[in-house]
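Student: I would like a close look at the enclosed empty spaces in this structure, and at what surrounds them. Please take the cysteines along the way.

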Amino acid sequence: MKFNTKTIHGGQQHEEATGSVMTPIFQTSTYAQSSPGVNKGYVYSRSANPTRTALENAFASLENGTHGYAFASGLAAIDCVLRLLKPGDEVIAGDDLYGGTYRMFTRLFEKYGLKFQYVNMNDSSNVVNAITEFTKLIWIETPTNPLMKIADIEEISNSVKQTNKDILIAVDNTFATPYLQQPLDLGADIVMHSATKYLGGHSDLVMGALIVKDAELGKELNFIQFAAGAIAGPMDSFLALRGIKTLHVRMQRHCENGRKVAEFLRDHEKVGAIYYPGFKSHENYEIAKKQMKDFGGMVSFRLKDESKSATFKFLEHVKVFTLAESLGGVESLVNHPVSMTHGSIPEAERLKMGITDSLIRLSIGIEDIDDLLLDLDQALRK
Ligand SMILES: *Cc1c(COP(=O)(O)O)cnc(C)c1O
């Protein structure tokens, strides 16, 4: 099946008992056994639930994997990957990460003896040069949140594999979605999603996903998912399944509107720096073009007047855009990373990364583009 068909049918079967075309919400914690240990494949909903199974198969299908796992949140999915490691192991991660990922690495897992190095992944050699005998995991986010840096997944995967070390490569594919890039096909071992964002697509659930190709690795992740217990519930699994069915049409419009907003901002007299991988001036434009089908619906920028007051005035005056955390829903959102999504990163670290008070991040929705541009223009002129 091709991608647009997979979003609707991938891993899906009509329900056996009734022929129900949509996967039912199996709102149950447990399953009847005819004799101890004799069951129909389901025993307790922490280990498996049919609605979640359907979603996990859909995840696997979308990313060209063999196994998918659905979690209570994106961070629960990342937590599951890190539990593959043991004290003393090292992780190499990008230097511009989702704030919650950085918080988990520094404030939870450092406590348990994992070590983290943060490198600029827009140059693959920075990753290879950071590898030590203790490196066990490379954590790639591309495009990055919020600065839209791009890492070359294929080049990093190839050069890490050439070291012949036992190192896993994981990609947080939340911003791109499998519509734009499929990391397993580029050599990654694990794909992670905050399904809260584009996969769900309607800002009505919080969920995470992991997808792998290798069955053994899948088994390990499945064990952690079961043993640690941060699973997605059946109702949320249903909503995510429904969201995924329109992923391709939503993404097409997110990308179209994203480009128009980026071009509008670039030409606007009040706007300064702009972070959008679809511009030739972006330092990793060539990689983005090679790796992604299009450039996505996320755009970050700064006003020419970089004062906090000017930035806040803009943020307070948007009307069609909503000032809120999160991204990837049908509605347009605007976010102030310093005070919202990236507030947990210590100030010195943030400043080094370029996440300053003047940075604004847009998640471009699928509304009529004219309304979005008019709204931005009126708020920019306040
Ligand atoms: C939101 C987000 C996460 C965390 O996911 P939750 O579902 O909020 O737990 C991780 N990575 C990226 C890139 C995100 O945008």
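Tutor: A disulfide is counted where two cysteine sulfur atoms lie within 2.5 Å. In this predicted model, the count by that rule comes to zero disulfides. Two cysteines can still be placed. Cysteine 80 has a relative accessible area of 2% and cysteine 255 likewise has 2%; because buried means under 20%, Cysteine 80 is buried and so is Cysteine 255.

Cysteine 80 leads to the empty spaces, since Cys80 is among the residues that line the second largest cavity. The structure holds two cavities of 30 Å³ or more. The second largest has a volume of about 40 Å³. Along with Cys80, its lining includes Phe71, Ala76 and Asp79 from one stretch of the chain, and Ile224, Gln225, Ala228, Gly229 and Ala230 from another. Two elements, α3 (74-82) and α8 (215-228), each give two or more residues to this lining. Sorted by class, the lining has six nonpolar, two polar and one charged residues.

The largest cavity has a volume of about 70 Å³. It is lined by 13 residues, and Gly94, Met121, Glu141, Thr144 and Lys149 are the closest to its centre. The classes here are five nonpolar, four polar and four charged residues.

Asp79, from the lining of the second largest cavity, also touches phenylalanine 109. That phenylalanine lies in the loop between α4 (99-108) and β3 (115-119). Its relative accessible area is 8%, so phenylalanine 109 is buried although it lies in a loop. Leaving aside residues up to four places away in sequence, phenylalanine 109 touches Leu82, Arg83, Met104, Leu114 and Phe116 as well as Asp79. Proline 87 is 22 residues from phenylalanine 109 in sequence, and their C-alpha atoms are 9.1 Å apart in space.

One further part is a sheet. This open sheet has five strands in the order β8-β9-β12-β11-β10, and the pairing is mixed. At its edges are β8 (271-275) and β10 (322-323), each of which pairs on one side only. The partner of β10 is β11 (residues 333-335); the two run in the parallel sense and pair over two bridges. Across this pairing, threonine 322 stands opposite leucine 333 in β11.

Key. Residues numbered from 1 in each chain as written. Predicted model: local features only at pLDDT ≥ 70, side-chain atom pairs only at ≥ 80, totals over all residues. Heavy atoms only, no water. Pairing = 2+ DSSP bridges. Helix = DSSP H or I, 4+ residues; strand = E, 2+ residues; numbered from the N terminus. Buried < 20%, exposed > 50% of the residue type's maximum accessible area, 1.4 Å probe, protein only. 1 Å grid on protein atoms, 1.4 Å probe; cavity = no way out; pocket = protein on both sides within 12 Å on 5 of 7 lines; lining within 4 Å. Points joined across faces, edges and corners; volume = space filled by probe spheres on them. Nonpolar A, V, L, I, M, F, W, Y, C, P; charged D, E, K, R; others polar. Contact = heavy atoms within 4.5 Å.
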